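Colleague: Could you walk me through how the helices in this protein pack? I'm new to this, so please spell out the terms.

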Amino acid sequence: MPAMLAAQFTGPALSQSPAPQPSFRLGLRSSPAVRARSLAPLAAASTTAVSAKPEAAAPLVVDRSVVRIGLPSKGRMAEQTLSLLKSCQLSVRQLNPRQYTADIPLIPNLEVWFQRPKDIVRKLQSGDLDLGIVGFDIVSEYGKGNEDLVVVHDALEFGHCRLSLAVPKEGIFENVNSLEDLLKMPEWTEERPLRVVTGFGYLGDKFLRENGFKHVHFLSADGALESYPPMGMADAIVDLVSSGTTLRENNLKEIDGGVVLESQATLVASRKSLHKRKGVLEITHELLERLEAHLRATAELMVTANMRGNSAEEVAERVLSQTSICGLQGPTISPVYCRRDGKVDVEYYAINVVVPQKLLYKSIQQLRSIGGSGVLVTKLTYIFDEETPRWRDLLSELGL
């Protein structure tokens, strides 16, 4: 077996006791051995004489007043994160592209750190970061249910993918089209377990345990997983899928019930930081308000039109009779003043209404049908609610 493969699990039986799926709160304590390793101070090498009285070990988290957020450092996820923040008027200023730090001028006390996604999750847990933007798949895999990780916003509308189980299309898997079919295959025994290659060992193991698989052997790999089944090195893969094209081109197929996790970009925070570090809760509130308001606005458009009428009430009656132009709470209607025969008069009324982008053409047709003209369409940056629902959810989660 190549050296790059590392067996994560093998044995005669897997526990079938269900574990809760991570949702808004992720929680699972690490073993004492893991905690001991994570807290062990690094010994400094020295060629000089050792002091008779060693210095005290530095604390794991140095006290600081600045709030830190981790952003993806490379790839499409990094580009989309910066684009979203810029759309929210939160442009990230990086003075040197080789530096790992940056800032957001509109939030003076917020320090940006560019990190690998899995390191963002790890540093949120260690307390070196307070906030992070990262895919939910990474939060779930590397967070392993840690209760200190709180998903503040679970749908930033980019980085969509799914973590899915896939098997070959042919051979012994030709008639395997569901997770149940795979489970019932007589081939999987203690001596010959189902071999699964993945970079998501925690989630893959948990998923198969909960679905009744008893004889499974996990192999760890980071890339080109689709090559393992054709080479005879694995029976199945658990990997991230977007369109499924790569699977199909490598003669693999997803099976019904085989989706481990649906994922997209999320805003995540450290529970300890939200409770204890000054400024984190306030900055989280601002980020959440901006993100929520902007994401809502991207799906809507402001439509303005002029319409003849004898009164605002008469015009409102006509507008409200149409299903696509009723607005968020209703249309805003105001008189359009003109001078007629030396006097100020009102013949037209201006209508302002917010409509969904997908219903734009239908909305314009309905406006025209009731006498609307001079239609203007404007993009929106924000739509702020009286109170962001996710903020209420966060305060409830924190017990505040």
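**Helices and cores**

Modeller: Sure, ask away. This is a predicted model, where local features need pLDDT of at least 70, side-chain atom pairs count only at pLDDT 80 or more, and totals for chains, interfaces and linings use all residues. Residues are numbered from 1 along each chain as its sequence is written, and side-chain values use heavy atoms, with hydrogens and water left out.

Colleague: Which residues of helix α11 (residues 360–369) are buried?

Modeller: Helices here are DSSP runs (H or I, at least four residues), strands are E runs of at least two, and both are numbered from the N terminus. Buried means under 20% relative accessible area, exposed over 50%, and partly exposed in between (1.4 Å probe, protein chains only). By that cut-off, the buried residues of α11 are Ser-363, Ile-364, Gln-366 and Leu-367.

Colleague: Why do the buried residues of α11 line one face of the helix?

Modeller: An α-helix has 3.6 residues a turn, so residues three or four places apart point the same way. The arc is taken from the directions from the helix axis to the C-beta atoms. Seen down the axis of α11, the buried residues line one face because they fall within an arc of 160°.

Colleague: And which exposed residues sit on the face of α11 turned away from its buried side?

Modeller: The buried side has its cover, which includes β14 (300–308), β16 (343–356) and β17 (372–379); contact means heavy atoms within 4.5 Å. The face turned away carries the exposed Tyr-361, Arg-368 and Ser-369.

Colleague: How do helix α9 (residues 280–297) and helix α12 (residues 389–398) run, roughly parallel or roughly antiparallel?

Modeller: Axes are lines fitted to C-alpha atoms, for helices over the stretch in contact, and angles run from 0 to 180 degrees between N-to-C directions. Here the angle is about 150°, with the axes 9 Å apart. Angles under 35 degrees count as roughly parallel, over 145 as roughly antiparallel, 65 to 115 as roughly perpendicular and the rest as oblique. That makes α9 and α12 roughly antiparallel.

Colleague: Which element gives the most to the largest nonpolar core?

Modeller: A nonpolar core is a set of buried Ala, Val, Leu, Ile, Met, Phe, Trp, Tyr and Cys residues joined through side-chain atoms within 4.5 Å. The largest has 35 residues, and Leu-156 and Leu-287 have the most contacts inside it. Elements giving two or more residues include α2 (75–87), α9 and α12. With seven residues, the top giver is α9.
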